[in-house]
Amino acid sequence: MGESRQQCCHLFQFFSYTSSVFLLLVLLPFTTGRRTSSRHGSGSSHASSSGECDLFTGTWVSDPSYPLYRNATCPFIQKEFSCERNGRPDHIYTHYRWQPLACNLQRFDGQDFLERMKGKSIMFVGDSLSLNQWQSLTCLLHAAVPNSNYTIDRVGSVSTFTFTEYNVKLMLDRSVYLVDVIKEDIGRVLKLDSIEGGKLWKGIDMLIFNTWHWWYRRGPTQPWDYIEVGGQVMKDMDRMKAFEKALETWAAWVDTNVDPTKVKVFFQGISPSHYNGSSWNDPSAKNCVHETTPVPGSTYPGGTPEAVAVLKGVLATMKKPITLLDITTLSLLRKDGHPSLYGLFGLDCSHWCLAGVPDTWNEILYNLMI
């Protein structure tokens with residue numbers, strides 16, 4: 001199974017490389033990252049009238065104390081995210097902080113994060129946007145404890161970054177569809193009802209899932225030849241319906257296999273791309289090239305992708321508590337945050353520079369832990 005699941009991910013080159021139960025923050029059937037206002041201390045929120053803080057509605061503000069690390073101080077950032085090393089001349093995009101409208105985010109404290117997770121494991125499961133967030137978290141933590149030893153290794157589709165002093169494992173499982181891609185006699189089959197790869201996710205203390213960016217790939221970069229669902233094999237089908245079916249299979253796996261008293265489950269949300277300036281009210285912009293500042297305000301002119309509604313619809317059916325890292329709108333506002341011409345694959349307005357936007361995803365993750 002490990003070998004067949006790797007086939008869909010080889011376009012990216014990867015290096016070889018909790019105790020107390022977390023506050024569940026459950027707003028059944030799933031929570032969208034609203035934090036209660038009872039928490040006190042540095043950076044705690046002023047409560048909204050409902051007594052909750054929506055961490056995902058806000059605006060980007062200039063803050064010279066950001067970024068939380070420098071590109072040069074994180075030696076293991078892969079080339080596709082290493083915009084500064086690749087020659088991006090502007091750095092303004094690194095000096096923005098996410099400001100929720102009704103409260104404040106507590107600043108990421110990497111040492112506290114490691115203490116809370118001591119002896120435990122976190123696994124990101126998904127595509128290259130999961131890689132983006134995984135690498136961001138390793139950089140944030142390394143910057144907090146730069147003299148702490150670490151190891152990096154890879155077995156099959158899983159890479160593991162371990163902070164040995166804390167015995168904290170940050171893992172990445174490359175599973176771009178979450179469901180299985182199996183090589184059979186007829187070719188590579190994307191099996192929307194099958195999730196045998198889930199065996200790798202058992203025994204992990206925190207799971208952070210993601211899938212979206214590969215669902216509309218066609219041609220030579222499409223890593224499957226047929227789709228199978230309900231026992232029927234076909235050459236293709238409506239891609240959004242396929243995405244929804246795969247999410248339903250994943251949701252059933254979580255409901256069957258996850259004990260929420262032991263395991264915390266997140267879904268990363270839909271990370272957006274910026275290939276059409278009309279969506280941010282600049283028809284002259286054909287893509288993200290030369291964009292250096294965020295979209296002002298807290299709403300995105302072009303609205304959110306259809307996939308967001310599909311994802312939220314599936315999450316609403318689940319029996320087990322899931323926290324949605326609803327990062328779509330805050331990321332939509334960051335047309336300036338992509339590698340553009342300073343990545344690995346030519347023009348890239350899908351992934352994110354590091355340091356950059358995924359650091360905020362992880363800062364919100366940290367705020368949902370404390």
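**Helices, hollows and odd backbones: a Q&A**

The buried residues of α4 pack against β12 (206-209), β15 (264-267), α5 (306-315) and β16 (322-324). This is a predicted model, so let's take it from there.

Reader: Which residues of α4 are buried?
Author: Burial here means a relative accessible area under 20%. In α4 that takes in Arg 239 and Asp 255 as well as Met 240, Ala 242, Phe 243, Ala 246, Leu 247, Thr 249, Trp 250, Ala 251, Trp 253 and Val 254. The elements they pack against are β12, β15, α5 and β16. So, in sequence order, the buried set is Arg 239, Met 240, Ala 242, Phe 243, Ala 246, Leu 247, Thr 249, Trp 250, Ala 251, Trp 253, Val 254 and Asp 255.

Reader: How far apart are the end C-alpha atoms of helix α4, and what should its residues span?
Author: Helix α4 covers residues 239-257, which makes 19 residues. At 1.5 Å a residue they should span 27 Å, and the model agrees, because the end C-alpha atoms are 27 Å apart.

Reader: Which residue caps the N-terminal end of α4?
Author: Look for a side-chain oxygen that lies 3.0 Å from the backbone nitrogen of Met 240. The residue that carries this oxygen is Asp 238.

Reader: How many of the residues of α3 are buried?
Author: Helix α3 runs over residues 128-144 and reaches 24 Å from its first C-alpha to its last, close to the 24 Å expected. At its start, a side-chain oxygen of Asp 127 comes to within 2.9 Å of the backbone nitrogen of Leu 129. The helix is mostly covered, and the count of buried residues is 15 of 17.

Reader: Is His 142 buried or exposed?
Author: His 142 sits in helix α3. Setting aside residues up to four places away in sequence, it touches Thr 73, Pro 75, Phe 76, Tyr 150 and Phe 163. Its relative accessibility is 9%, so His 142 counts as buried.

Reader: What about Arg 88, is that buried or exposed?
Author: Arg 88 is in the loop between β4 (58-62) and β5 (96-100). Beyond its neighbours within four places in sequence, Arg 88 is in contact with Cys 83, Tyr 93, Glu 291, Thr 292, Asp 336, Gly 337, His 338, Tyr 342 and Cys 353. Because its relative accessible area is 4%, Arg 88 is buried.

Reader: Which side chain does Arg 88 join through a polar contact of 2.8 Å?
Author: Don't go looking at Cys 353 for this one: that residue is 265 residues apart from Arg 88 along the chain, with 9.8 Å between their C-alpha atoms. The 2.8 Å polar contact is with the side chain of Asp 90.

Reader: Which helix gives the most to the lining of the largest cavity?
Author: The largest cavity has a volume of about 100 Å³. Of the 14 residues that line it, the closest to its centre are Tyr 66, Tyr 96, Gly 356, Asp 359 and Thr 360. By class the lining has eight nonpolar, three polar and three charged residues. The helix that gives the most, with four residues, is α7 (357-369).

Reader: And how much space lies in the largest pocket?
Author: This pocket is lined by 22 residues, and His 213, Trp 214, Ser 273, Tyr 275 and Ser 350 lie nearest its centre. Its lining divides into 12 nonpolar, seven polar and three charged residues. The space in the largest pocket is about 430 Å³.

Reader: Where is there a cis peptide bond with omega of about 0 degrees?
Author: Most peptide bonds are trans. One cis bond joins Tyr 66 and Pro 67, with omega about 10 degrees, and Pro 67 is in the loop between β4 and β5. For omega of about 0 degrees, go to the loop between α6 (328-332) and α7, where Ala 355 is placed. The bond joins Leu 354 and Ala 355.

Reader: What is the relative accessible area of His 290?
Author: His 290 is found in the loop between β15 and α5, and has a positive phi of about 75 degrees although it is not a glycine. Asn 281 is placed in the loop between β15 and α5 too, with a positive phi of about 65 degrees and a relative accessible area of 61%, so it is exposed. His 290 is exposed as well, because its relative accessible area is 73%.

Key. Residues numbered from 1 in each chain as written. Predicted model: local features only at pLDDT ≥ 70, side-chain atom pairs only at ≥ 80, totals over all residues. Heavy atoms only, no water. Helix = DSSP H or I, 4+ residues; strand = E, 2+ residues; numbered from the N terminus. Expected span 1.5 Å × (residues − 1). Buried < 20%, exposed > 50% of the residue type's maximum accessible area, 1.4 Å probe, protein only. Polar contact = N/O pair within 3.5 Å; in protein donor to acceptor, adjacent residues only side chain to side chain. 1 Å grid on protein atoms, 1.4 Å probe; cavity = no way out; pocket = protein on both sides within 12 Å on 5 of 7 lines; lining within 4 Å. Points joined across faces, edges and corners; volume = space filled by probe spheres on them. Nonpolar A, V, L, I, M, F, W, Y, C, P; charged D, E, K, R; others polar. Contact = heavy atoms within 4.5 Å.
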